[in-house]
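Got the model open on your screen? Let's walk through it together, starting with some charged side chains and then working outward.

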Amino acid sequence: MKMSLRSKVVIYALLVMVAIYFLSPFVYMLFSTFKTSAEAIAYPPSLFPKEWQWENYAKAWDAQPFGKYLLNSVIVTVLNTLGTVLSCPLVAYGFARYNFKGKNILFMILLSTMMIPWDVTMIPQYMEFKAFGWINTLDRIVPSFFGSAYYIFLMRQFLLGVPKEYEEAARIDGCNDLQIWWKVYMPIMRPCLILVGVLNMITVWNDYLGPLIFLQDRSKYTLALGLASFKGVHQTQIIPMLCITVV
């Protein structure tokens, strides 16, 4: 049943009002970043500043090397995501398309690792990477999420739904196993790869505990560590906190 014009106007008006209600705190926070500290805590509060303090953002950004933190986070996230979308589908391809002795047992062991919290493996992992000389280096952070059991399981289930006729046709054309994986299955898995890439990017970008444990040099901090450090130093200063939050 089609809605009348009046009903549409009422519904859209209600949606706009709800949107304004939820966005109003963020708008107030945005305008507060251009105020002085005294004006930001004044009562009754005002939306617009009396005098626009444009230098607040520059002062907050220069308080710590956020440019370096941002670059470190970008490097870690991009390299980690590339490694994940290349390594996980290769393992998933082996579990989905090959039949070998002990395959089901190995797959069950792989799935069982999903039930082990990272806090339990934190100390053994620290000892392992210390032996590799990866402590206090970005080399440790980059491969930290390689081989995720969840991503391998997700891709394996996706591959099980792909007809084997694609693989058989590629073998007739003379493709070997690696070519079949790269030229046949990887393009088919594109939606799954995009999903895994997005999930992994969010996880790595927001990771705080891993860099906190394995990084001591401030020049190698990721953005999550840099923001936490900034908060610890400026937690009583409202304007710098608001500026960095908005940025």
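Start with Glu167 and Arg171, whose side chains meet in a salt bridge at 3.1 Å, N to O. Both residues belong to helix 9, where they sit four residues apart, or about one turn of the helix. Keep in mind that you're looking at a predicted model, so treat each distance here as computed from predicted coordinates.

Now follow the charges in both directions. Arg171 also pairs with Asp177, and there the N to O distance is 2.5 Å. On the other side, Glu167 forms a salt bridge with Arg97, with the closest N and O atoms 4.0 Å apart. That pair links distant parts of the chain: Arg97 is in helix 4, Glu167 is in helix 9 (residues 165–172), and 70 residues separate them. Put the pieces together and you have Arg97, Glu167, Arg171 and Asp177 linked in a network of salt bridges. How many salt bridges turn up in a search of the whole structure? The search finds three.

Which members of this network are buried, and which are partly exposed? Arg97 has a relative accessible area of 11%, so it counts as buried, the cut-off being under 20%. Glu167 is buried as well, at 10% relative accessibility. Arg171, in contrast, is partly exposed because its relative accessible area is 39%. Asp177 also falls in the partly exposed class, with 29%.

Let's move from charge to grease. Look for a nonpolar surface patch of about 730 Å², made by Trp61, Leu70, Leu71, Val74, Ile75, Val78, Leu79, Leu82 and Trp205. Which helix gives the most to this patch? That's helix 4 (residues 66–97), with seven residues. Helix 4 is also where you met Arg97 a moment ago. Trp61 comes from elsewhere, namely helix 3 (residues 55–62). With a relative accessible area of 32%, Trp61 is partly exposed.

Trp61 also leads you to another spot, since Trp61 is one of the residues in contact with Ile244. Find Ile244 in helix 14 (residues 238–246). Is Ile244 buried or exposed? At 11% relative accessibility, Ile244 is buried. If you set aside neighbours within four places in sequence, Ile244 touches Ala60, Trp61, Phe66, Leu227 and Phe230. Take Phe66 from that list: Phe66 and Ile244 are 178 residues apart in sequence, yet their C-alpha atoms are 9.5 Å apart in space.

What about the cysteines? A search of the whole structure comes back with zero disulfides. For Cys192, the nearest cysteine sulfur is that of Cys88, 9.8 Å away. Since a disulfide calls for sulfur atoms within 2.5 Å, that distance is why Cys192 is in no disulfide. Cys192 is buried, at 6% relative accessibility. Cys243 is buried too, at 0% relative accessibility.

Now zoom out to the whole chain. The chain has 14 helices and zero strands, so reading along the sequence gives you α-α-α-α-α-α-α-α-α-α-α-α-α-α. Among contacts between residues at least 6 apart in sequence, 70% join residues at least 24 apart. The Ile244 and Phe66 contact, with its 178 residues of separation, is an example of a pair far apart in sequence.

As for overall dimensions, the chain has a radius of gyration of 25 Å, while a compact globule of 247 residues would have one near 18 Å. Its C-alpha atoms fill a box of roughly 75 × 65 × 35 Å along the principal axes. Buried residues make up 34% of the 247 residues, Arg97, Glu167 and Ile244 among them. The accessible surface comes to about 15,700 Å², and 69% of that belongs to carbon and sulfur atoms.

Conventions:
Residues numbered from 1 in each chain as written. Predicted model: local features only at pLDDT ≥ 70, side-chain atom pairs only at ≥ 80, totals over all residues. Heavy atoms only, no water. Buried < 20%, exposed > 50% of the residue type's maximum accessible area, 1.4 Å probe, protein only. Patch = residues over 30% accessible without salt bridge, like charges linked within 9 Å, V, L, I, M, F, W, Y side chains within 5 Å. Areas by Shrake-Rupley, 256 points an atom, 1.4 Å probe, with all protein chains shown as cover. Helix = DSSP H or I, 4+ residues; strand = E, 2+ residues; numbered from the N terminus. Contact = heavy atoms within 4.5 Å. Rg over C-alpha atoms; globule rule 2.2 N^0.38 Å.
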